[in-house]
Amino acid sequence: MRVLVVEDEKKTASFIRKALQAEGFAVDVCHNGDDAWAAARATSFDAIVLDIMLPGRDGLSLLRQLRERQNATPVLLLSARGEVNERVEGLNAGADDYLPKPFVIAELIARIRALGRRGSETKSPVLRVADLTLDTLTREAQRGGVAIELTTREYRLLEFLMRSTGRICGRMAILEKVWDYDFDPGSNLVDVNVMRLREKIDADFEPKLLHTVRGIGYVMKEPA
Ligand code: CA
């Protein structure tokens, strides 16, 4: 895997580069947005680690420009503490994942691997189950040609369910993938959000695609 690391804090950039190289990745580093723009256009990367606050062209502008040019390289955003708005904006701008600083390097590596796998698994950016489609570049959902408005959380939930089509998604797996929880908060968070999503994608349509597996979780599938 070839990874582009865009980070202006040189110590952090060098730390990430060494850690990734130790894992066998090929790594290019840029310290500002303009160099990163040139690098991303010149070379095909399997993933980009992108800091938001950069001198010159900032991370979000860079991300938007890449997506405008149909560059679908998976992007992991790094956001400093408190940059919640930027993070949401980043996901809307087409980031595939984000990691708040400070982060644990093992987690960064695991997420980059996951992005690389995702990138090679799905040539097309559009996920499809029956007449339900989800464009992972533009984040637009449609059912039967009708646009469906999703919140960021609903988008992540739907993306996870659609990428797992035909496989049962347990509540714990959903909490991990969609909320980044590694514990069960003991609430009905998942069920409430699935219900809301179901209202949007299934209530007014046939056949129903999002099914409850009692006591376990949910599964996205077309009826046989
Ligand atoms: Ca920075």
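**Exercise 1. Determine which exposed residues sit on the face of helix 4 turned away from its buried side, and what the buried side packs against.**

Solution.
Step 1. Helices (H or I, at least four residues) and strands (E, at least two) are DSSP runs, numbered from the N terminus. Helix 4 covers residues 84-92.
Step 2. Buried means under 20% relative accessible area, exposed over 50%, and partly exposed in between (1.4 Å probe, protein chains only). The buried residues of helix 4 are R87, G90 and L91.
Step 3. Viewed down the axis of helix 4, these buried residues fall within an arc of 95 degrees, so they line one face of the helix. The arc is that of the directions from the helix axis to the C-beta atoms.
Step 4. The face turned away from the buried side carries the exposed residues N85 and N92.
Step 5. The buried residues of helix 4 pack against helix 3 (59-68), strand 4, strand 5 (97-100) and helix 6. Contact means heavy atoms within 4.5 Å.
Step 6. Just after helix 4, G94 has a positive phi of about 110 degrees.

The model is predicted: local features need pLDDT of at least 70, side-chain atom pairs count only at pLDDT 80 or more, and totals for chains, interfaces and linings use all residues. Residues are numbered from 1 along each chain as its sequence is written, and side-chain values use heavy atoms, with hydrogens and water left out.

**Exercise 2. Decide whether S79 is buried or exposed, and list its contacts beyond four places in sequence.**

Solution.
Step 1. S79 lies in strand 4 (residues 75-79).
Step 2. The relative accessibility of S79 is 0%, so S79 counts as buried.
Step 3. With neighbours within four places in sequence left aside, S79 is in contact with I52, R87, L99, P100 and K101. One of these, R87, is a buried residue of helix 4.

**Exercise 3. Describe the open sheet of 4 strands and the helix across strand 7.**

Solution.
Step 1. The strand order is 6-7-8-9, and the pairing is antiparallel. Two strands pair if DSSP finds at least two bridges between them.
Step 2. Strand 6 (126-129) and strand 9 (146-148) are at the edges with a single partner strand each, so one side of each has no neighbour in the sheet.
Step 3. On average, neighbouring strands of this sheet are turned by 25 degrees against each other, direction ignored. Axes are lines fitted to C-alpha atoms, for helices over the stretch in contact, and angles run from 0 to 180 degrees between N-to-C directions.
Step 4. Strand 6 is joined to strand 7 (residues 132-135) by 4 bridges. V129 has L132 in strand 7 as its bridge partner.
Step 5. Helix 6 (residues 152-163) lies across strand 6, strand 7 and strand 8 (140-143), at about 115 degrees to strand 7.

**Exercise 4. Find the salt bridge partners of R2 and E154, and how far apart in the chain each pair is.**

Solution.
Step 1. A salt bridge is a side-chain nitrogen of Lys or Arg within 4 Å of a carboxyl oxygen of Asp or Glu. By this rule there are 18 salt bridges.
Step 2. R2 pairs with D28, with the closest N and O atoms 3.1 Å apart. R2 is in strand 1 (residues 2-6) and D28 in strand 2 (residues 26-30), 26 residues apart.
Step 3. E154 pairs with K200 (2.7 Å, N to O). E154 is in helix 6 and K200 in helix 8 (residues 189-201), 46 residues apart.
Step 4. E154 is buried at 4% relative accessibility, whereas K200 is partly exposed at 30%.
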